[in-house]
Amino acid sequence: PLAVRQRPHARPRAVTTPAPSPPQPMVIEAMRHGNRVKHLGKPSDQRKALLRSLTTELIRYGRITTTLIRAKEVRKHADHIITLSKDGSLHCRRQAMAFIYDKQLVHALFEQAPDRYSERNGGYTRILRTMNRRGDNASMAVIELV
């Protein structure tokens, strides 16, 4: 067999060190104690528009497919809008119109919701988990009106 010879008095190799980087400003990231808003990776105006459109489509079609985190956030807004429609006052109707994009949808909801959800105190939506999304493996869910 071939023996590997080691040189006993080999010179150490020169090691290059990277140039020192300029000092970076100190960034302090605070903990989000008590902040319950899910940012959904968007600025506040885009996040509000996304939640408004998802809530509008959920009320229009009764069932939508979205990511699990978005479904959990939409559930809060959809339950609130249905609670407003059960009350049926003019103030509640104006609050719903300020949030929902479709005026005719608000009128239809205010006509049907008191009969449909009269015996139910909250919990107007159901979230069912589905397969993860292909591509980024995001948790998907179906949210539907009960």
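This report describes the nonpolar core, one helix, one strand residue and the salt bridges of a predicted model.

Local features are reported where pLDDT is at least 70, side-chain atom pairs count only at pLDDT 80 or more, and totals for chains, interfaces and linings use all residues. Residues are numbered from 1 along each chain as its sequence is written, and side-chain values use heavy atoms, with hydrogens and water left out.

**The nonpolar core**

A nonpolar core is here a set of buried Ala, Val, Leu, Ile, Met, Phe, Trp, Tyr and Cys residues joined through side-chain atoms within 4.5 Å; buried means under 20% relative accessible area, exposed over 50%, and partly exposed in between, with a 1.4 Å probe and protein chains only. The largest such core has 28 residues, and those that touch the most other members are Leu58, Ile59, Val74, Ile81, Ile100, Tyr117 and Ile143. At least two residues of this core come from each of helix 1 (44-61), helix 2 (68-87), helix 3 (90-99), helix 4 (103-116) and strand 3 (140-145), where helices (H or I, at least four residues) and strands (E, at least two) are DSSP runs numbered from the N terminus. Helix 2 gives the largest share, with 7 residues. In soluble globular proteins, nonpolar side chains tend to be buried together.

Ile81 shows what surrounds one of these core residues: leaving aside its neighbours within four places in sequence, Ile81 is in contact (heavy atoms within 4.5 Å) with Thr55, Ile59, Ala96, Phe99, Ile100 and Leu109.

**The two faces of helix 3**

Cys92, Ala96 and Phe99 are the buried residues to consider in helix 3. These residues lie on the same side of helix 3, because they cover an arc of only 60° around the axis, the arc being that of the directions from the helix axis to the C-beta atoms. Helix 1, helix 2 and helix 4 are among the elements that cover the buried residues of helix 3, whereas the face turned away from the buried side carries the exposed residues Leu90, His91, Arg94 and Ala98.

**A buried strand residue**

Thr67 belongs to strand 1 (residues 63-67) and counts as buried because its relative accessibility is 14%. Apart from neighbours within four places in sequence, Thr67 is in contact with Arg133, Ala138, Ser139, Met140 and Ala141.

**Salt bridges**

When a salt bridge is taken as a side-chain nitrogen of Lys or Arg within 4 Å of a carboxyl oxygen of Asp or Glu, the count comes to 6. The table lists some of them, including their N to O distances.

| Salt bridge | N to O distance |
|---|---|
| Arg60 and Glu57 | 2.7 Å |
| Arg60 and Asp102 | 2.9 Å |
| Lys76 and Glu73 | 3.1 Å |

The Arg60 and Asp102 pair links distant parts of the chain, with Arg60 in helix 1 and Asp102 in the loop between helix 3 and helix 4, 42 residues apart. Arg60 and Glu57, by contrast, are 3 residues apart in helix 1, so about one helical turn separates them. Glu57, Arg60 and Asp102 are thereby linked in a network of salt bridges. Arg60 counts as partly exposed at 35% relative accessibility, Glu57 is partly exposed with a relative accessible area of 26%, and Asp102 is partly exposed with 24%.

Lys76 and Glu73 are 3 residues apart in helix 2, and so are separated by about one helical turn. Within this pair, Lys76 is partly exposed, with a relative accessible area of 48%, whereas Glu73 is buried, with a relative accessible area of 8%.
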